[in-house]
Each structure stands twice: as structure tokens, then as C-alpha cells.
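Here's a quick briefing to read with the model open beside you. Take a look at the structure, then come back for the notes.

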Number of protein chains: 2
Amino acid sequence: MRAMAKAPVLTPQADDFPRWYQDLISKAELADNGPVRGTMVIRPYGYGLWERMQRELDARIKEAGAQNAYFPLLIPQSYLTREAEHVEGFAPELAVVTHGGGKELEEPAVVRPTSETIVNEYFSKWVQSYRDLPLLVNQWANVVRWEMRPRVFLRTTEFLWQEGHTAHATYEEARDYAARIHRDVYADFMVNVLAVDVTAGRKTPAERFAGAINTLTLEAMMGDGKALQMATSHELGQNFARAFHTQYLSKEGTQELVWQTSWGSTTRMIGALVMSHGDDHGLRVPPRLAAVQAVVLAVKGDDAVLAEVRRIGDTLRAAGVRVHVDDRTDIPFGRRAVDWELKGVPIRVEVGPRDLENGTAVLVRRIPGGKEPVRIDALASLLPASLEEDQALLLRQSRERRQSRTSDVTTAEEAVEAAASGGWARIPWAALGPEGEARLAERAATVRCLVAEDGSVPDTDDAPGTIAVVARAY
Amino acid sequence: MRAMAKAPVLTPQADDFPRWYQDLISKAELADNGPVRGTMVIRPYGYGLWERMQRELDARIKEAGAQNAYFPLLIPQSYLTREAEHVEGFAPELAVVTHGGGKELEEPAVVRPTSETIVNEYFSKWVQSYRDLPLLVNQWANVVRWEMRPRVFLRTTEFLWQEGHTAHATYEEARDYAARIHRDVYADFMVNVLAVDVTAGRKTPAERFAGAINTLTLEAMMGDGKALQMATSHELGQNFARAFHTQYLSKEGTQELVWQTSWGSTTRMIGALVMSHGDDHGLRVPPRLAAVQAVVLAVKGDDAVLAEVRRIGDTLRAAGVRVHVDDRTDIPFGRRAVDWELKGVPIRVEVGPRDLENGTAVLVRRIPGGKEPVRIDALASLLPASLEEDQALLLRQSRERRQSRTSDVTTAEEAVEAAASGGWARIPWAALGPEGEARLAERAATVRCLVAEDGSVPDTDDAPGTIAVVARAY
């Protein structure tokens, strides 16, 4: 008789969502807390998710014409002060290197919290003529922002990200490029790979990036109804260009300041994945993201079973499925089954001696749930379709959650109540306004973004009919 | 009449090799110096080389069974002091964060110079039983080592690298894994992708990594006859395991310390590429590494030419060549040709109106040199073979340089002279010994590695017949 996979030891979501999250991160071996407060160790299974995210995003970033580069980690402290809003926004979060090579430094260096300043120092050298524009650069890097209330993946003192930085000849080109990244890189990746429903909007002036003239955001609803900011794309106007003299000789022979954008997405997306798709049994990884889409498990270690799981592995691999064969039969089957469930691998194919006699395997589907015996020779044709169904189901569940838990309201009070009860509220921005927005903060709610009535992103802060989306947020 | 590609403005190697190197790095747009002393900005073309290196190495690392993970940048200062030799080796190079979030930290954090200490803090938690071994982890990261004599790519205060960290049940397994990485990851990549001849050996006790019981190294001869350490793989014995209590329950039920390895390769390889294959016209990129193997240039901007270069691009792409089409005809052709030559793209296909009439293009081969007209319809069959020839030629040139400039000597004095005149010396280690080695340093030479007479890596420091390779080094 085969050991049954027991329910994993996670605090149920309904009992304590934050504790469920911490349990899952730990038991699925995604990450540990680091020794310096707020830092984290990303374990191999968690980092594997990040590598897949990087690959998908990187391909889209290159498709949008940007090239990767690398700017230094250490930035002279004086650079940060050149753009007034920028330094005000980041000063409280800085980590400062005061000693290097056994001596006190003449000028302290900050560990980059973001790279607009140092990037502009070099853009101002590289950009000479209109022929050098647009300049489209991205970097994959670590950044440090001292975090007072850390939570692994969501708010960490050090995190990994990509940050794009571009310079353009005109306002319109910069605006369109920020919008293109927002749509073709971020939204496309999140919807079609992460299977996370996102609401695209613009930040209110109070919530903009420090130094930007406009911030586009993608907001997603987590399993507890709170919002998570998934990625942002900023129009920087000429603020940094002015501070760093980033200018070009136009076709007409005049010196002009460039127009700029910056945009980023971070390891926080791993947290979003967990809180969007996780359930009381663990994570559920969307098949298009999963490094392992199907695991073939040998229930027992006899030779015929081991030979068969390897053969099935090869067959599925040939059918284009990313497969892992689990033949570690010195570890009890039940423990391994629970582990794969926790880790959220979409499909398990379990093969024991009895199955072999029947020419069948047990197919366990993590995403819709359920297990059934299937003929081994049908697996290769069955699995690719099942994986596509699973991918679509996760996105549908994410979308339905957001739809069912979002309400239209007309007063700030109602918006606060909707947010407090684990949902989102949509309220006319004209009815709320910056004063109403300021009062939301006292009640733990924020305006996540402004959207147009038709769901598009408004062109200005005060376009008629603009809706504010209000929620509690991570 | 077509503009001819003029000789680029590089200081000739023979006049001043270090200046030639700096000129090339700058004019080929590989990197700039950063604002904090010793740091660097890796520009898109230089970073593209690094991305290709990463991809090739990462595939080999995964093939060797290691998985990627990420450990924090900031390490509590106290961790560094736990392994006595380790702290002695790294203390003079540390960058120290004393302030975070606007306050002085209770315990300063160092910016990682390498991660053995923090890795062991976590390995000691993750490893419980023999079933958890071997534990094979790698990370791609930045590290900071305060550099007194910086030179871009070769010695920089911040550099990018991969660092592998593993734990094994026995001494033999650890020793064999360090050797496997050295051979199947590093040497294989350097010879077969970078086309750089490498000498594999072990470091003398004086040159070992701080905290290791054995360091394996790959040394390459640069264009000026000096040596560059390309990558190292260390046996750490139980030194860090003892300091961090990294132990496991054996099959026999006893607690045992693990045996460990660590191994790294860095952005310095970009410098090695330049100094191995560069010439007075610029860089020469080995085809297997090149992101762009062939560039198809439109000499003039007429419609027929533009249509044809795009068509040739498609044809070559279909033949498996990594192609870039340069149709920026608003920039003079001569300037673009010089730029591609500086950047070392292996093959240029130049198409002008006259060529088009004849059904020919001018084929310029950067690696062997030379240009000739070829029929356009022959390009797709010609180029893949040319690229393989070019790859082999670079390796042959690298090997012949090392062979022709290495001499067998019997005294320390002769070794120093050989090194001073831009070559390597091979001297019996028994004749030199640690005392002789110490005296080399006064004459700017070092023992790069110990090798066996048959070219293999000796198993011990004092194996009979061991040869010391002596050179000046970067």
C-alpha cells in the first residue's frame, strides 16, 4: 500500500496569512533571513524561480531595444544630493561605506539604492549628439535600502532587480518608451508568464518615484485581498538631465537636455507569486515559469520502477516538457510527495510496482488539484495540454479574485472599509483628491493607482472620469 | 570610391602595452573608470561579452550539478574573524558599512570580498545528515576588495564573478570536485570558448587562497608575455567547517565535519580576452564567444543596398550565424568599419552599389586579417567554416605564444631574467623552493603555479619532478 501524501505543515491561510507566508517561504526552501537585519538568503529553489523570471524579462527588455550594462555599487555621497527630491526620498534608507582598505574615506560612498545619479554621470559623457539617442540601457543588480519593517522578498534591505535607464530626444519619445516597457515588458510578462492579473495605472503625485514626473505601476491583488506593487516605469522628465548636464547637440545645432525614463522589477515578484498562487498545501508555480513542470517519482526503488521513471522522463522531455526524475528512494515517498507539493511543481507522475503491472501511473495535478490513474503511454500527449490548462486556470483565479473583491464606492470612508475588509475599492479621483488621499494613510489604506473608466492608463493626474484604486498594500 | 577603414587610433602594443590596453578598453567602448577609486562602469559592448561568458560557464556549472543561489552582500564583521587565515588575507581590502538607515550600526557590516563565511553560516543549518551531501551551490554576484593599484577589469575595487561553494562527506570527494570544476568548467570554457591557452597547476603554499589547503589555478600568457590568473578552484579542507560547525550525521551515526571547496572566475576574463587576442587594430573576439559573429554593413544608404544587407542578414541568420545588420548610413562608412574592427567582430560583410551590380560583397576577416570580394550567394556556406577556422587560429596563436616564450631554466636568477624579458620560465621546484620563491618577489616575479613534468597537476606540493612556472603577473 502506497504512503499517502499528508497535508503539509503550513499555518492555514485563513488563520494567519502572514504566518502562512513565512511558513511557506521556509518549508518550500525559497529563502532564509540573512544575518544583517532585513537581508535574505535566496535558496536554490527560490533562486531558480528568479532565474526563470530574469530570462523571460531579459528577452522582453532586449526586444524593446535596451542593452545590458553594469554601473558601480558604490556611489559618491555627493551624487545623491544633486537632485533635490531624489535625495529627500532616499536619504533615510541609505547604507554608507565610511571605511575602505583599512582607512577612513575622504568622501563616504553610499551603497546604491537605485542608480539614476551614477547613470546620469556617464550618460552625460556618452551622449553628445542626437545620433547617440535614444540611449537604452538596463542592468541586473543588487540594491540596498535600509528597511525598518522587513519581510522576506517583499521588503528587504538588499534585493535583486533590473533597473532600466534611458535617454531620449523628446518628451513624447520618453513618455512612449516608459509606456512601452510598462506594457510590453512588465504587463505582458506578469499576465502571460506569472499568470498574475495586474491593474495598470499611474501613481498619484504623492506616490511617485522620488525625482519622477510620472510613475506608471502594475498592482496585483494578493490572496488576502491586499495590493502589491509589481513593477514601476517612470518618466523622469529632465530632472536628472538638469542635475547632471545630460545634453545633446540637436540636428538644428542647439544644445538640448535629454528626456529620461527609468523602470524596475525586483525579487519581490517571488513574494507576489507565493501570495497570488499559494494555497494551504504550498506554492503553485505557473507552468510557463516553472523550471520543473513535471516530476516523475519512483514510489519504490526496485529496478523495473527506476528504469520506467527514467524512460518516462525521456519521453516527456522529448515532448517538450521540463521534467525532473525523482529516484531518491532512500527518502520515504510520502516525504518527497509533500515536498514537491510544497514547492508547487505543476504535475507529479507517480510510478510504483503495482502501477507498472497495469501500464499506468498516478497523475497528480497541483494546480486544479486531484489525482487519477492514467495510461503511461498517454502521458506525452496529455501533459502539454494539461500544463496549458493549468497556466490559464491560475490567471483566471487571479483575475476572478480581483473582480469579486473589488467594489465601486463614492466616499473615502467606504473605500477605507473595503480595504480593511480585504478588498479593493474604486472611487472617483475627483471625489477623493489629494486631501482625501492624505487621510487614507491614517487608516492604513493608500491609493494604489489611478485608472481611466475604460481600464486604460490616464494621460494626466486630473483627466475627467479618473478612478482611484484604494487598498491596503504590502 | 569607397572610404577605406583607417588604422584606429590605438597606441601600438610594442610602444606601450599598458597604454594600448587602456586605449582599447576605452575606444572599443568596453568600460569606463567609476567615480569611486578602482570601480568600473561596464559598457554595453563589454557587458555583452560578460553575458556570453556567464551563459557558457553557467551551463557547465549546472552540468557539474551545482545550483545557483544568492547570499547577502553585507556580512557581519564578526563572521570574517572566525577563520584566522581568512581574516588575515582579507582584512586590508575590506569596505565597511558603519551607517544604515540614518544611524550608526551596532555591528559594522563588511561588503562581501568573498562569501565563504556567510555561506558556511547557512550550510551549517542546511546540512544535517549525509543525505544532504554533497551540497553544491554557486552564485553570480558582485564583490568588493579595496584596490590600491586598480586597472580596469584586471584589478578593480568592485568586480563581478561567480563563486561556487560546496560541502562533501569526505576529503576525496571534495578534492575530486575541485578538480572537476577546474577541468570541466574552467579549462574547458577557456580553451574551447575563449580560445585562450591555459596552464593548469597548483599554487604554492605562499600563493594559496586565504583559508584553503590547496588552490588549483589556470594561468594564461598575455600578449606582453606576462601571466594572468584566469580562475581558481580551492580545497578548503575542514577549515571553515570547523569555524562554523558545519557538520553532518554520518550513516554510522557519528557527527562529522564536512569537507569543502570554493571556486571563482571574474570579469577579469574580459581583460584576459583583450590582452590575449587584441592587436594594434583593436580586439579580436573568438567566434564562439561573440554575440555578433558577423556584421553586414551597408556602405551607402540607397534602397537596393539597404534591402540587400537585410536579405543577407536573414540568410546568414538562417545558416546559424549570429548576425548584426549595420544600416546606419547617416554615419560615414569608414567610421563604422573602424568601430567594428576595434570591437573585434570576427567577420564584416560590406555591400555597396558597385558590389551589388557584380553580385559580390567584400568579406573582411578580422582574425586572420585580409579582405576579398566573394559572391553573395556563397556567403551562407562560407561563413560557418570561416568562423570555425578563426576560432582555431586564435587558440593556436595563444598556444604558440606561450610555447615560444617559455624557457626551461635551472636557477632563480635565470627565471627572473626570463620573466623580466617578457616570458615564462620553468624551473624544478626542488631547485627553487619556498626560499627561492620569496626572493623572486624582490625582482617582480612570482611562481604562478606548480605543474608535473607531463603537464598534469601535481597531487602534492613536493611531488618529485614538480616544475615551478615563474613569470611576472597581472
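The notes below cover the symmetry, the sheet and one histidine.

This is a predicted model, in which local features need pLDDT of at least 70, side-chain atom pairs count only at pLDDT 80 or more, and totals for chains, interfaces and linings use all residues. Residues are numbered from 1 along each chain as its sequence is written, chains are lettered from A and ligands numbered from 1 in the order in which they are written, and side-chain values use heavy atoms, with hydrogens and water left out.

**Symmetry**
- Turn chain B by 180° with 0.0 Å of shift along the axis and it lands on chain A with an RMSD of 0.0 Å (least-squares fit on C-alpha atoms of residues with pLDDT of at least 70 in both copies).
- That's the relation of a two-fold axis.
- Within chain B, Val97(B) gets closest to the rotation axis, its C-alpha sitting at 2.1 Å.

**The shared sheet**
- Six strands make an open, antiparallel sheet, ordered 4(A)-6(A)-5(A)-5(B)-6(B)-4(B) (strands are DSSP E runs of at least two residues, helices H or I runs of at least four, numbered from the N terminus; strands pair if DSSP finds at least two bridges between them).
- Strand 4 (74-76) of chain A and strand 4 (74-76) of chain B are the edges, each pairing on one side only.
- Strand 5 (residues 95-100) of chain A and its chain B counterpart run antiparallel, joined by five bridges.
- Gly100(A) stands opposite Ala95(B).

**His277(A)**
- His277(A) belongs to helix 8 (residues 268-277) of chain A.
- His277(A) is buried, at 1% relative accessible area (buried means under 20%, exposed over 50%, partly exposed in between, with a 1.4 Å probe and protein chains only).
- The His277(A) side chain reaches the backbone oxygen of Leu194(A) at 2.7 Å.

How values were computed: A polar contact is a pair of N or O atoms within 3.5 Å; within protein, one must be able to donate a hydrogen and the other to accept it, and residues adjacent in sequence count only if both atoms are side-chain atoms.
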